Amino acid sequence: MTGKTYYRIFDTDGGPCGIAWTAAGVLRFQLPGDDAATTRRLLLRHLPEAEAAEPSPAVAEAIEGVRRYFAGEPADFSEVPLDLAGQSDFFRAIYDAARRVHWGETTTYGTLARDLGAGPEMAREVGQAMAKNPVALIIPCHRVLAAGGKVGGFSAPGGASSKLKMLALEGISFTPPEPAQSSFGF
């Protein structure tokens, strides 16, 4: 964490979200909670010193992107400046790779590990990084799936059902397709 910390709670079509930042960039992001008070509490549990403030231009742009996202419109967060100073070099490399997974795309923990030059045994560490992601959505951990394209876990409020809803906003469905021909009825 670099310097003084600020935050903002804001409304989206998905519910109230929260964002915290320093002069270096976005430090934390809170996916929608049940209400603004819950979102604030979840956002600030690790940042008790943060002060409510008007967002910087870069943070205001990120907020508008989040609003577009929860309205079901494509949003790209790959250029949002981040303050990941408290993260290990390995986690930062994982997060950088995850940021290259764009709207409507998915990858797997194993594929991200392989993209980083690690073997499939590192998929578990990639999963740990996703579970500890301080800026979910901005680093799109919801687009990282378990082996075989299974949904896997999601540590945000609502768990895997929230992950499914977020992917559905992007046009990604996990429901089986309708059969091409009619059933024979037996």
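Leaving aside its neighbours within four places in sequence, which residues is Thr-5 in contact with? Taking contact as heavy atoms within 4.5 Å, the list reads Ala-20, Trp-21, Thr-22, Leu-27, Leu-47, Glu-49, Ala-50 and Glu-51. Thr-5 itself lies in the segment before strand 1. Helices here are DSSP runs of H or I with at least four residues and strands are E runs of at least two, both numbered from the N terminus. With a relative accessible area of 1%, Thr-5 is buried, where buried means under 20%, exposed over 50% and partly exposed in between, using a 1.4 Å probe and protein chains only.

A quick word on the ground rules. This is a predicted model, so local features need pLDDT of at least 70 and side-chain atom pairs count only at pLDDT 80 or more, while totals for chains, interfaces and linings use all residues. Residues are numbered from 1 along each chain as its sequence is written, and side-chain values use heavy atoms, with hydrogens and water left out.

Now for the charged pairs. Side chains of opposite charge can pair when their charged atoms come close. Call it a salt bridge when a side-chain nitrogen of Lys or Arg sits within 4 Å of a carboxyl oxygen of Asp or Glu, and the count comes to six. Here are three of them.

| Acidic residue | Basic residue | N to O distance |
|---|---|---|
| Glu-54 | Arg-8 | 3.0 Å |
| Asp-89 | Arg-92 | 2.4 Å |
| Glu-170 | Arg-143 | 2.9 Å |

Take the Glu-54 and Arg-8 salt bridge. This pair links distant parts of the chain, 46 residues apart: Glu-54 is in the loop between strand 4 (51–52) and helix 2 (57–70), and Arg-8 is in strand 1 (residues 6–10). Glu-54 counts as exposed because its relative accessibility is 61%, whereas Arg-8, at 29%, is partly exposed.

Asp-89 and Arg-92 stay within one element, helix 3 (residues 89–98), three residues apart, or about one turn of the helix. Asp-89 has 59% relative accessibility, so it counts as exposed; Arg-92 has 31% and is partly exposed.

And where does the Glu-170 and Arg-143 salt bridge fit in? It, too, links distant parts of the chain, with Glu-170 in the segment after helix 6 (159–169) and Arg-143 in the loop between helix 5 (123–131) and strand 6 (144–145), 27 residues apart. Glu-170 is buried at 7% relative accessibility, and Arg-143 is buried at 4%.
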